[in-house]
Structures are given as structure tokens and as C-alpha cells.
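User: I've got a two-chain model open and would like to go through it with you. Can you take my questions one by one?
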Amino acid sequence: MRTICSSILFALALTGSVAIAQDRVIPDPAPAHPELRPVLIEDFGGMPGLLLLMDDFMQIMLEDPQLRPFFEHAEQDRIKRQLAEQICVILGGDCIYSGRDMVESHRDHIITRADFNALVEALQVAMNNKGIPFRAQNKLLEKLAPMYREVETPREMRPVD
Amino acid sequence: MINRLLLLVCLLYTCALQAQDSAAPAQSRSGKLLLTGGVSQIEGAAGGGLTPWAVIAGYGTEDQIGANAFYTRVNVDDYHLDAYGVAVGFYDRFELSLARQRFDTEQVGAALGLGRGFALEQQIIGMKLRLLGDAVLDQDRWWPQLSLGVQHKRNDQGDLLRAIGADSDSGTDYYLAASKLYLAQSLLLNATLRWTKANQTGLLGFGGDRGSSRSLEAEFSAAYLLSRRLAIGAEYRTKPNNLGIADENHWWDLFVAYAPSKNLSVTLAWVDLGNIVIADDQRGYYLSVQAAF
């Protein structure tokens with residue numbers, strides 16, 4: 001019985017350490033999807049279109065009481081440019097993403113799922129304002145959605161009230 | 001009974017909200033994306049109109065509590081059904097729901113000697129636990145959001161149910177629901193396996209002369225998202241056939257769901273409920289309004 005228990009504990013410890021090891025592998029923040037290039041060119045208007053979209057997006061976030069604290073004292077111009085670069089690369093454009101990975105770039109904030117989703121909504125509103133078709137919006141969101149794992153602050157690192 | 005339960009749900013909700021408020025004074029607004037908590041299905045769980053989904057009711061995320069209330073009217077050729085209830089979602093993990101259904105037999109009641117407008121009523125207590133996955137955000141993973149649910153139903157008309165051949169006036173359904181949003185296709189797919197002996201969801205009792213044990217039934221729904229606020233889709237729900245005197249058919253519907261805000265959604269559907277007791281081809285409309293808090 002004791003052997004069984006200790007082997008179970010050992011197995012658990014092993015899976016635990018594997019999980020921690022996996023957490024350290026931070027995904028590419030801007031994985032290129034060449035098949036989405038037509039979406040970038042036709043629906044988002046290429047890099048110039050993305051830069052205009054980010055102006056609108058940032059404005060919407062600054063007007064949102066939930067999102068404003070994350071951006072009001074930040075380098076907004078750099079963030080807008082790097083977001084445009086990141087989306088450009090993801091949508092198969094000939095751009096270079098000059099920003100950090102998604103863990104590093106969000107390290108200074110406590111970010112919850114509700115915050116993440118609020119940002120997605122702000123992006124949806126901005127894309128609607130620019131007349132980007134809903135189906136094209138979703139093709140981009142499909143690639144951005146899994147980044148919640150790096151963007152959100154792990155529960156154990158959030159302050160305890 | 002239903003009042004006491006309602007009170008309990010409200011109390012739980014209030015306590016949880018207070019705990020939440022004291023824990024985070026600057027509470028952010030409800031965090032799920034529009035329509036991703038589903039609407040209220042006729043038995044009170046978060047889902048489509050006829051079938052429960054793996055999503056947890058309300059707009060609450062991992063550290064929030066969400067709740068909603070619904071009212072649904074189904075009007076088919078010879079009957080109508082009213083359903084209403086509440087659901088509370090805790091931390092996007094656990095859902096507690098309470099619903100009441102009233103099935104009005106209109107002229108069929110008179111034909112059967114029960115009286116015109118005779119009504120069968122039942123109440124349903126539901127629980128749902130999200131086991132794994134995130135239907136919306138896990139776009140890079142193949143597995144869906146998976147939830148395990150239970151619906152305990154108690155019908156008010158025990159004597160009548162036994163007279164028509166049902167074994168019992170109460171029963172419990174167990175289900176496993178899988179939901180996944182395919183964002184690139186703007187498509188939400190859902191499959192549910194239900195282990196049940198409920199006749200017409202329990203409105204005609206549980207088990208019967210043709211079968212007294214549970215059977216495995218399949219329920220499917222697909223929703224195509226037209227915008228953040230608007231979805232159209234179809235549902236199909238297989239049902240047991242336990243009563244000798246009343247053949248039971250599978251159900252299906254075509255729906256459109258609209259959410260003008262996070263506080264309100266309206267679902268309109270065309271439903272085909274097949275044969276119900278002595279009336280064939282019961283088709284008509286389904287209208288549901290849901291308010292979220």
C-alpha cells in the first residue's frame with residue numbers, strides 16, 4: 001500500500017514539474033499565418049490600415065474605465081505600433097514584430113480574464129468602426145485568443161485581498 | 001418548495017456577491033464575451049433553446065458570479081408551454097439553475113376528459129460543472145469545453161402520470177455536454193449526451209410501460225455567428241419513447257438569437273415537437289427572453 005501511495009505521489013510530483021517546465025516555454029507572440037495574407041490586404045488594409053485601427057482601438061480602451069488604468073500612463077505610441085506589427089506578422093504580412101513576448105510585455109500588470117475579454121471587446125468595436133467584416137475579425141481573433149494564457153496573470157501571482 | 005429553493009438561490013447569490021464585493025471593491029464589469037454564456041434552454045440550463053451546452057450561465061468569469069432569469073413561451077398547434085427560471089454561474093465553473101414548466105393541453109385536455117386547458121407542471125433543479133476546456137478562448141486546442149450536468153425534475157400530476165402508464169412523477173437526467181466555438185468559421189458546435197427516462201422532458205412523467213430504465217439520448221446544436229450580437233442556428237434532440245399510449249418523437253428547431261446588450265437576449269425559433277399524446281406534428285414558434293445580471 002505504501003509503495004502504491006509513494007508511486008502515486010512521485011507520479012504527481014513528476015507531472016507537476018513537467019507542467020511547470022512547460023509553463024516556461026513561452027509561445028511566439030507573432031506566429032506568421034501566410035494563408036491569412038488576403039485578410040490582411042483586403043479586409044484590414046495592410047499595415048496602414050492596422051495603424052489607423054490601433055489609433056481607434058487605443059482611444060476606445062482609454063475611454064473604458066476597466067482598461068484605462070493599463071494604458072493611460074503607458075507609451076501609447078509604441079504599444080500601437082507594436083500591436084500593428086504583431087497583427088501584421090500574424091496575418092502573413094511582410095512586417096517585423098519589435099516587441100517582447102506576451103508574458104514579458106504584460107508582467108507589470110495584474111490582468112484577469114475579465115480584463116482580457118474587455119480588451120477583445122474593445123478590439124471588436126474598433127474593427128466594427130473600421131468596417132472590417134465580422135468573419136475577417138474572427139480569423140484574427142482565432143489567433144489572438146489563445147494568448148490569454150500568457151497575458152493573464154497566473155492566479156498564484158495575483159495579490160491576495 | 002419552489003419558493004424556498006428560489007429563496008435559497010437568491011441568498012446564495014447575494015452572499016456570493018457580497019463576498020465578491022468585499023474581496024474586490026473595484027469590481028470590473030462582467031467579463032465573458034457577448035452571447036458566449038449561451039441563452040436559457042427550456043429546462044433552465046445555459047445552452048441553446050432545447051439543448052444544454054457546456055457553457056456556464058451568466059457573464060461571470062473565473063473570479064466572478066453571473067446570473068440570469070428567463071421566460072420562454074412555446075406555442076405549437078394543439079398545446080402551449082410556458083417555462084421560466086433562474087440560473088447562477090459561479091466562477092465560470094459551476095451552474096445552479098431552477099426552472100418551472102407549465103404545459104397547457106388546451107382542447108386536447110377536454111378531448112381526454114381532463115378539462116379544457118388542463119396543465120401539467122414540473123419543476124427542475126439543475127446543476128452543471130465545467131470539467132475542462134474553454135469553448136471560446138482555446139482556439140489552438142482540439143478539445144471542446146466539457147461539462148457534466150444533472151437535472152432533477154418533479155412533476156405535480158403524479159396520479160394522472162401513473163394513469164397514463166408512467167412509472168414515476170420524478171426523475172433525474174444526467175448529461176455530458178461538449179461545446180466549441182470555431183472562430184475562423186464563426187461557428188459554435190455543441191453535442192450533448194443525456195441519460196434519461198423522462199417522457200416529453202418529464203412533463204409526461206418518467207419511464208413507462210414501454211421502457212422503465214434510462215436511455216442515452218443525443219442532442220446537437222450549431223450556431224452561426226452573424227455578428228457579435230446575432231446568431232442563427234439549428235438544434236436536434238432525440239428523446240426516449242417509454243409510453244405506450246403516447247408516441248414520442250425527436251425535437252428540432254431553427255433559431256435566431258439576438259443580444260442587444262449583456263443584460264438582455266431574445267431568442268426566436270421555429271420548433272417541431274412531433275407527436276405529443278394524441279396530437280401529431282406539433283409545430284410552432286418558440287420565443288424566449290433572458291435578462292442577465
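User: Leaving out residues up to four places away in sequence, which residues does Leu91(A) touch?
Analyst: Keep in mind that this is a predicted model. Leu91(A) is placed in the loop between α5 (76-90) and α6 (113-129) of chain A. Once residues up to four places away are set aside, the list for Leu91(A) is His33(A), Leu36(A), Arg37(A), Val39(A), Leu40(A), Phe44(A) and Leu140(A).

User: Is Leu91(A) buried or exposed?
Analyst: The cut-off for buried is 20 or more other C-beta atoms within 10 Å. Leu91(A) has 28 C-beta neighbours inside 10 Å, so the verdict is buried.

User: How far apart in space are Leu91(A) and Phe44(A), C-alpha to C-alpha?
Analyst: Phe44(A) is among the residues that Leu91(A) touches. Along the chain, 47 residues separate the two, but in space their C-alpha atoms are apart by 9.4 Å.

User: Let's move to the helix just before that loop. Which elements do the buried residues of α5(A) pack against?
Analyst: α5(A) has 15 residues and reaches 21 Å from first C-alpha to last, close to the 21 Å expected at 1.5 Å a residue. Its buried residues are Ala84(A), Glu85(A), Gln86(A), Ile87(A), Cys88(A), Val89(A) and Ile90(A). In chain A, these pack against α2 (37-43), α3 (46-62) and α7 (134-144).

User: Which residue just after α5(A) takes a positive phi?
Analyst: Leu91(A) sits in the loop that comes after α5(A). The positive phi, about 80°, turns up just after the helix and belongs to Gly92(A).

User: Zooming out, what share of the contacts in chain A with a separation of 6 or more comes from residues 24 or more positions apart?
Analyst: Chain A has eight helices and zero strands. Of its 161 residues, 32% count as buried. For contacts with a separation of 6 or more, the share from residues 24 or more positions apart is 77%.

User: Now chain B. In what order do the 12 strands close into a barrel?
Analyst: Chain B comes to three helices and 16 strands. The barrel takes 12 strands with antiparallel pairing, in the order β3-β4-β5-β6-β7-β9-β10-β12-β13-β14-β15-β16. For the twist, neighbouring strands of this sheet are turned against each other, direction ignored, by an average of 20°.

User: How many bridges join β9(B) to β10(B)?
Analyst: On one side, β9 (residues 170-182) of chain B pairs antiparallel with β7 (residues 145-155) over 10 bridges, and Leu148(B) stands opposite Leu176(B) there. On the other pairing, Leu181(B) has Leu188(B) as its bridge partner, while Tyr175(B) stands opposite Arg194(B). β9(B) and β10 (residues 187-196) run antiparallel too, and the number of bridges joining them is nine.

User: Which residue in the hairpin of β9(B) and β10(B) takes a positive phi?
Analyst: Four residues lie between the two strands of this hairpin. The positive phi there is near 55°, and the residue is Ser186(B).

User: Last one: on the side of chain B that touches chain A, how many residues are nonpolar, polar and charged?
Analyst: The contact involves 22 residues of chain B and 20 residues of chain A. By class, the chain B side comes to eight nonpolar, seven polar and seven charged.

Methods
Residues numbered from 1 in each chain as written. Chains lettered and ligands numbered in written order. Predicted model: local features only at pLDDT ≥ 70, side-chain atom pairs only at ≥ 80, totals over all residues. Pairing = 2+ DSSP bridges. Buried ≥ 20, exposed ≤ 12 C-beta atoms within 10 Å, placed from the backbone. Contact = placed C-beta atoms within 7 Å. Expected span 1.5 Å × (residues − 1). Nonpolar A, V, L, I, M, F, W, Y, C, P; charged D, E, K, R; others polar. Axes fitted to C-alpha atoms, helices over the stretch in contact; angles between N-to-C directions.
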